[in-house]
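Please look through the sequence and the 3D structure below before reading on. The notes that follow take up the overall form, the surface and the symmetry in turn.

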4 protein chains.
Amino acid sequence: MTQDLSRRKLRAGIVGGGQGSFIGAVHRIAVELDGQAEVVAGAMSADAGRAESSARAWYLQRSYTSYRDMALTEVVRAFLEQGIHVVCDKPMTFNLEEARELVQLVEQKKLIFALTHNYTGYPAVRHARHLVSSGAIGTVRKVLVEYLQGWLMEPEENTGNKQAAWRTDPSKSGIAGSIGDIGTHGENLLEYITGLKIKQVCADLTAFVENRQLDDDANMLLRLENGAKGILTCSQIAAGEENGLVIRVYGTQAGLEWHQMEPNTLILKQQGQPSQVLRAGQPYMSPEAQAATRLPAGHPEGFLEAFANVYKLVIADIRRSGAGEAPLGGYPTVYDGLRGMNFIVKVVESSQKGGVWVDF
Amino acid sequence: MTQDLSRRKLRAGIVGGGQGSFIGAVHRIAVELDGQAEVVAGAMSADAGRAESSARAWYLQRSYTSYRDMALTEVVRAFLEQGIHVVCDKPMTFNLEEARELVQLVEQKKLIFALTHNYTGYPAVRHARHLVSSGAIGTVRKVLVEYLQGWLMEPEENTGNKQAAWRTDPSKSGIAGSIGDIGTHGENLLEYITGLKIKQVCADLTAFVENRQLDDDANMLLRLENGAKGILTCSQIAAGEENGLVIRVYGTQAGLEWHQMEPNTLILKQQGQPSQVLRAGQPYMSPEAQAATRLPAGHPEGFLEAFANVYKLVIADIRRSGAGEAPLGGYPTVYDGLRGMNFIVKVVESSQKGGVWVDF
Amino acid sequence: MTQDLSRRKLRAGIVGGGQGSFIGAVHRIAVELDGQAEVVAGAMSADAGRAESSARAWYLQRSYTSYRDMALTEVVRAFLEQGIHVVCDKPMTFNLEEARELVQLVEQKKLIFALTHNYTGYPAVRHARHLVSSGAIGTVRKVLVEYLQGWLMEPEENTGNKQAAWRTDPSKSGIAGSIGDIGTHGENLLEYITGLKIKQVCADLTAFVENRQLDDDANMLLRLENGAKGILTCSQIAAGEENGLVIRVYGTQAGLEWHQMEPNTLILKQQGQPSQVLRAGQPYMSPEAQAATRLPAGHPEGFLEAFANVYKLVIADIRRSGAGEAPLGGYPTVYDGLRGMNFIVKVVESSQKGGVWVDF
Amino acid sequence: MTQDLSRRKLRAGIVGGGQGSFIGAVHRIAVELDGQAEVVAGAMSADAGRAESSARAWYLQRSYTSYRDMALTEVVRAFLEQGIHVVCDKPMTFNLEEARELVQLVEQKKLIFALTHNYTGYPAVRHARHLVSSGAIGTVRKVLVEYLQGWLMEPEENTGNKQAAWRTDPSKSGIAGSIGDIGTHGENLLEYITGLKIKQVCADLTAFVENRQLDDDANMLLRLENGAKGILTCSQIAAGEENGLVIRVYGTQAGLEWHQMEPNTLILKQQGQPSQVLRAGQPYMSPEAQAATRLPAGHPEGFLEAFANVYKLVIADIRRSGAGEAPLGGYPTVYDGLRGMNFIVKVVESSQKGGVWVDF
């Protein structure tokens with residue numbers, strides 16, 4: 001059954017993200033940024049009062065609290081089973097088993113399911129992926145990924161900081177701390193840009209803050225499917241670091257470097273040639289990068305715009321779906337979520353065994 | 001008469017900014033970004049077909065073309081006279097006389113009138129202003145402002161580029177080219193951050209591209225009201241520059257440096273002490289900077305968010321107005337617009353007389 | 001008369017630069033760096049004790065104090081008249097008249113006379129000059145030069161700081177403060193890189209520190225001989241700035257940017273193309289840049305090496321002179337010194353007349 | 001027996017470093033830079049002709065070729081046995097056994113033996129060490145070291161490049177390629193700055209270039225003696241990288257970051273406080289950093305000056321030795337060389353066993 005979605009904004013609902021969270025507003029801004037969709041309903045908190053006040057702050061037409069006792073996966077499943085497309089924040093599920101079940105459900109329902117690995121939304125990241133896939137850097141040999149934060153260097157979870165509390169609580173976050181929260185972003189970015197799968201990992205996880213139950217720091221050696229080698233390091237105890245996601249990829253022809261905190265720039269490094277500073281919004285950028293840019297070069301776009309770029313592709317696919325056309329993709333899907341959950345399991349296994357190599 | 005605006009989004013209309021313009025979408029995104037207002041009506045183009053298709057692309061409820069023959073100032077006046085608050089892009093008017101008339105009308109109508117000198121919306125800029133006004137850098141001695149672009153280094157106006165065409169056409173842009181388009185942003189930023197007025201200018205304007213009728217480059221010496229000295233240089237023929245607005249302010253105690261293209265960073269320079277890298281979103285930032293930040297530090301916010309920050313203050317004031325409360329301000333107003341028009345007149349006069357000092 | 005200089009190090013003497021000065025050691029290191037010359041004699045101070053101890057610290061074979069009452073120009077003249085090649089620090093003379101006399105003497109004696117405008121010694125500067133002269137950036141349109149320091153932002157001259165004292169004392173430094181000390185470096189660098197002469201200047205000099213008799217800050221508008229426009233700003237009261245000499249040159253084809261404090265990098269900016277990061281020591285650099293590089297790329301060379309590069313060319317010419325061959329040049333000469341003195345005179349004149357345009 | 005070394009330059013001899021090598025000139029410049037020593041003799045090549053011409057180019061008084069058939073260690077031993085102080089380039093010996101013998105000999109002879117881990121000579125590195133040892137960053141938790149080059153990304157060893165040939169030849173370089181050539185610099189820098197020893201390593205070495213016999217890339221997980229964790233990655237196939245030695249250290253109080261290619265800057269990162277940009281030559285730097293600085297801040301010093309700083313301490317100790325005083329040290333010694341050789345052995349062992357943890 002097709003719907004005529006061509007003459008109106010799409011309508012979206014949000015579960016979670018109530019007042020006190022920052023990612024709720026990120027999703028609302030991102031889904032609405034390009035004027036193609038609007039949030040009209042929400043079940044924004046398990047707490048009825050907060051759900052109501054959160055909805056009122058956004059002038060939502062409908063506010064619910066009925067999902068208040070549900071786990072994340074059940075929420076997602078409930079919407080899918082009602083034929084509603086889903087954009088899901090990461091981590092996708094609580095554990096690997098749930099992830100596998102979700103894959104099955106999505107395949108069966110033929111609905112759009114997108115995962116907000118939002119860093120894939122940056123134009124410079126999309127151009128990096130384009131450069132690799134088009135052969136501009138040759139065969140990938142070495143990948144260096146780092147994601148450094150400092151905000152958990154003290155026991156913030158004991159100070160009433162809810163963001164810190166759930167991230168360091170195994171009953172809420174499962175088996176992974178920093179590697180689930182930020183390490184999976186690094187893993188996804190690596191695979192997104194290089195088009196290569198991680199084949200083996202050797203991990204050394206640490207909980208540096210006393211009494212913390214989940215890792216707040218991780219160092220990993222990687223081997224990729226094509227023989228390339230790599231490093232992934234993530235930390236939430238790296239004093240003074242804000243949101244330092246950086247990726248460098250070296251191939252047989254050239255290298256690439258991208259920093260999330262200066263996201264509109266991509267460095268192309270060629271041995272014996274001047275490095276090139278590629279900039280979002282410039283005419284030499286690839287079509288997929290151009291499509292993710294709203295402003296002329298030099299007018300910085302940031303985290304919200306990248307987030308909105310994920311939604312932009314999803315919205316386009318929902319419209320296509322309404323018109324009976326096949327989706328075009330380009331955003332992270334349920335399979336990325338499954339790979340992320342698998343990554344977590346393997347990394348934890350490696351570290352728990354003392355830092356041994358584990359196959360993916 | 002007060003209105004209860006507290007329980008709904010504000011409704012906005014837009015004049016101009018139809019398809020082919022980039023600033024139209026900027027205004028729409030900015031006004032709606034924080035979920036406090038929405039664009040519901042537009043007269044987006046003098047061309048009926050474009051007005052209609054522009055409105056449809058945004059799913060606007062109402063589309064008009066009736067302002068198609070009106071000059072900018074008449075549009076603004078028409079709305080003000082109907083008691084409608086106005087957010088106006090810069091340049092505010094075609095000439096100084098119109099600017100003076102508009103000041104009178106705004107004063108008389110007691111409506112909100114905001115001018116989108118959008119660079120004042122960046123948190124780091126607001127913090128810079130805070131540091132100067134709180135005495136952190138001492139008495140200002142020297143100010144260096146530059147705004148460098150390269151996109152008009154060739155005669156783009158002859159290639160069908162509409163953006164280039166109106167900016168270089170005296171019948172559309174009046175007496176000023178680059179100094180009106182970008183120089184006034186530099187002037188406004190200087191006065192916004194330092195709280196000081198320019199007292200005298202000595203300007204050397206040039207139209208480097210053959211047959212261009214308006215300046216595409218300007219170098220200016222400045223003297224400020226407190227005895228400080230400065231430079232303002234702007235250019236649209238600076239090869240390879242994107243949108244290079246940079247300001248440096250040196251006082252008797254410390255110096256400041258801010259780059260629009262890396263907008264979340266502000267450098268504080270102290271003689272004989274380490275320079276400090278101040279970052280938007282950090283707890284040490286001033287309340288006015290914090291209020292202009294949506295995301296944790298390290299999650300870059302950019303041009304659109306800064307633009308939305310101007311709207312955010314305007315929306316708050318419109319709500320206060322609806323509740324019968326006095327406006328709080330904090331955004332550029334009709335007086336900034338008047339000063340900008342005066343700046344243009346004086347700079348052109350200085351240059352036309354061969355580069356002499358002209359009093360403000 | 002030729003001398004066989006091919007089989008031994010050259011022997012150099014130094015006048016001035018005794019203990020307490022930093023530039024004395026700079027010259028000694030620079031002249032000796034490449035193993036082609038050695039300092040064997042010195043009259044390093046007007047104070048006999050300091051002259052002796054300075055010479056002893058360097059193990060000099062011969063120490064003199066006989067020049068103790070002589071002005072700079074007389075020292076230089078004395079050596080030239082004895083047929084001794086001279087490398088002279090800047091400012092070359094006390095005033096313009098002396099500069100003109102020195103030009104005559106050098107022309108008459110046919111000796112090597114080099115002026116240590118040492119910033120011309122950086123490989124990236126030499127490459128910038130090469131790019132301009134080879135047409136890579138097209139016709140120069142705009143030049144921005146800045147030289148910012150903060151070390152005189154307080155009245156250091158009253159604290160026993162000898163370096164500050166002579167620079168702010170008209171009886172020692174003549175009519176110019178910051179423009180003589182650092183502004184002339186900017187002027188020389190501009191002309192060295194662009195190959196263009198300054199034709200007109202409009203200057204606004206200030207002595208910000210109370211009771212200071214010479215300028216500690218200057219803002220200047222420039223017009224070059226080919227119609228290009230420019231700005232030169234220098235300051236010694238720019239809080240927190242160390243030795244911030246920066247030049248940007250924009251032509252009809254491309255732009256260049258170089259920072260003395262990151263001297264091994266030169267940025268080439270092309271409209272609509274990625275900026276290129278050119279690095280000293282790379283194979284794509286021009287022969288004159290390569291000849292000024294001792295180490296592989298990525299092994300930073302700095303101020304001393306650049307200084308030594310000036311000496312390197314001088315030493316080569318002295319050897320050529322000894323062999324009866326014509327000098328090859330490439331280093332600043334007595335004519336650069338004359339232009340620098342003229343620059344000072346014109347800038348001071350412009351400012352004293354209220355900031356008017358003065359012809360060179 | 002003491003010697004009166006106080007009234008003359010020290011005399012040095014050099015073995016190796018003849019024409020075609022770049023490190024020979026580095027040593028000569030470094031030893032002579034501060035005017036405290038001079039190279040008077042050399043056995044600069046195994047090839048008699050090259051030895052002679054190399055010596056002549058430097059105007060050496062004495063040139064030898066008699067060490068032409070000797071291995072490095074034998075040369076060093078010969079000098080030590082004649083009571084001559086030795087400054088030795090790294091790698092110190094061919095293998096671990098020789099390193100142990102050399103330690104014994106040095107201990108027995110009571111002579112100065114310095115190893116040119118030259119990166120310890122940078123003022124910013126010395127200040128970093130000071131900050132760690134003084135407790136300014138608290139207890140070290142995480143260390144990230146990278147040393148990235150690209151110059152061996154192609155089989156340069158087959159093109160007549162002698163520098164590439166010996167580095168990739170097991171008969172010349174022993175069991176290690178990149179980890180011996182540059183990895184040991186990283187290891188030494190880590191231990192120098194943190195004052196901590198590496199306790200365990202898990203390494204993954206690769207020879208990416210076809211038919212290359214020694215590693216050209218290495219990724220390593222580290223565990224330090226105090227429980228800190230770390231990463232060390234080095235590569236000579238990282239396209240476009242020049243000499244990218246970078247170290248970041250995160251403690252319980254603050255973090256540090258230093259880049260060899262911008263060596264005069266040290267970043268101090270404090271959670272919730274502005275990052276501080278510490279600069280060589282500033283008055284707030286520690287005495288050991290100040291002593292390693294020749295010029296005012298902002299006048300860049302580089303690789304040669306850092307190299308000379310190692311020599312500077314050695315020369316001071318040789319003078320002290322001549323006066324019968326105890327050495328003060330501060331430069332890498334034979335024990336650092338031994339640790340470096342041990343590091344190589346352990347890393348290779350780890351990798352050959354498939355990437356397992358190996359104890360130091």
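What percentage of the 360 residues in chain A is made up of buried residues? In this predicted model, buried residues account for 61% of the 360 residues in chain A. The points below add to that picture, topic by topic.

**Overall form**

- Chain A contains 11 helices and 14 strands.
- Taken along the principal axes, the box filled by the C-alpha atoms of chain A is roughly 60 × 50 × 40 Å.
- The radius of gyration of chain A is 20 Å, which agrees with the value near 21 Å that a compact globule of 360 residues would have.
- When contacts in chain A between residues at least 6 apart in sequence are considered, 67% of them join residues that are at least 24 apart.

**Surface and charge**

- The accessible surface of chain A amounts to about 13300 Å², and carbon and sulfur atoms contribute 49% of it.
- Chain A carries 36 positive and 40 negative side chains, and the centres of these two sets are 6 Å apart.

**Symmetry of the two copies**

- A turn of 180 degrees, with a shift of 0.0 Å along the axis, lays chain A on chain B with an RMSD of 0.0 Å.
- The two copies are therefore related as by a two-fold rotation axis.
- In chain A, the C-alpha nearest this axis belongs to A:G302, and it lies 2.7 Å from the axis.
- Both copies use the same surface, since 100% of the contact residues of chain A recur in chain B.

Terms used
Residues numbered from 1 in each chain as written. Chains lettered and ligands numbered in written order. Predicted model: local features only at pLDDT ≥ 70, side-chain atom pairs only at ≥ 80, totals over all residues. Heavy atoms only, no water. Helix = DSSP H or I, 4+ residues; strand = E, 2+ residues; numbered from the N terminus. Rg over C-alpha atoms; globule rule 2.2 N^0.38 Å. Buried < 20%, exposed > 50% of the residue type's maximum accessible area, 1.4 Å probe, protein only. Contact = heavy atoms within 4.5 Å. Areas by Shrake-Rupley, 256 points an atom, 1.4 Å probe, with all protein chains shown as cover. Lys, Arg positive; Asp, Glu negative; His and termini not counted. Charge placed at Lys NZ, Arg CZ, Asp CG, Glu CD. Least-squares fit on C-alpha atoms with pLDDT ≥ 70 in both.
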